[in-house]
Amino acid sequence: EVQLVESGGGLVQPGGSLRLSCAASGFTFSSYAMSWVRQAPGKGLEWVSVINSGGGTTSYADSVKGRFTISRDNAKNTLYLQMNSLKPEDTAVYYCAPAGLDAWGQGTLVTVSS
């Protein structure tokens with residue numbers, strides 16, 4: 001069974017930084033592109049970033065470009081999202097998801113507030 005465990009969220013002030021992690025198991029992690037998706041309070045899902053299976057190609061939503069960095073360690077079956085210069089509008093539950101699989105973790109809550 002596919003298991004995805006997001007962690008690293010918390011409360012941070014505007015301008016601060018957080019690093020999110022996603023520990024994956026139950027599938028061949030290194031064969032899948034991986035995405036970060038978020039859901040702000042009262043809003044729908046928003047795609048944030050994607051990284052290809054080998055980690056050499058990345059893409060970002062315009063709203064986070066230049067501030068967030070996606071990366072992965074295939075030897076550890078782990079996906080990361082480094083978030084810098086955080087804004088209140090980044091407040092959301094963040095989920096990781098493999099491309100092509102109907103699989104989601106519990107998510108991790110990021111709250112950006114003064």
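Trainee: Before turning to Ala24, how are strands defined and numbered here?

Mentor: In this predicted model, strands are DSSP runs of E with at least two residues. The strands are numbered in order from one end of the chain, and that end is the N terminus.

Trainee: In which strand is the place of Ala24?

Mentor: With that definition in hand, the element to look for is the run of residues 18-25, in which Ala24 has its place. The chain as a whole has 10 strands and 0 helices, and the element that holds Ala24 is strand β3.

Trainee: Does Ala24 count as buried or exposed?

Mentor: A residue counts as buried when its relative accessible area is under 20%, and the relative accessibility of Ala24 is 8%. Because 8% lies under that cut-off, Ala24 counts as buried.

Trainee: Which residues does Ala24 touch, not counting those up to four places away in sequence?

Mentor: One partner, Asn77, is 53 residues apart from Ala24 along the chain, yet their C-alpha atoms are separated by 5.5 Å. A contact requires heavy atoms within 4.5 Å, and with residues up to four places away left out, the residues that Ala24 touches are Gln3, Leu4, Phe29 and Asn77.

Trainee: What is the radius of gyration of the chain?

Mentor: Read along the sequence, the pattern is β-β-β-β-β-β-β-β-β-β. For 114 residues the globule rule gives 13 Å, and the chain comes close to that value, so it is as compact as a globular protein of that length. The radius of gyration of the chain is 13 Å.

Conventions: Residues are numbered from 1 along each chain as its sequence is written. This is a predicted model: local features need pLDDT of at least 70, side-chain atom pairs count only at pLDDT 80 or more; totals for chains, interfaces and linings use all residues. Side-chain values use heavy atoms; hydrogens and water are left out. Helices (H or I, at least four residues) and strands (E, at least two) are DSSP runs, numbered from the N terminus. The radius of gyration is taken over C-alpha atoms; the globule rule is 2.2 Å times the number of residues to the power 0.38. Buried means under 20% relative accessible area, exposed over 50%, partly exposed in between (1.4 Å probe, protein chains only).
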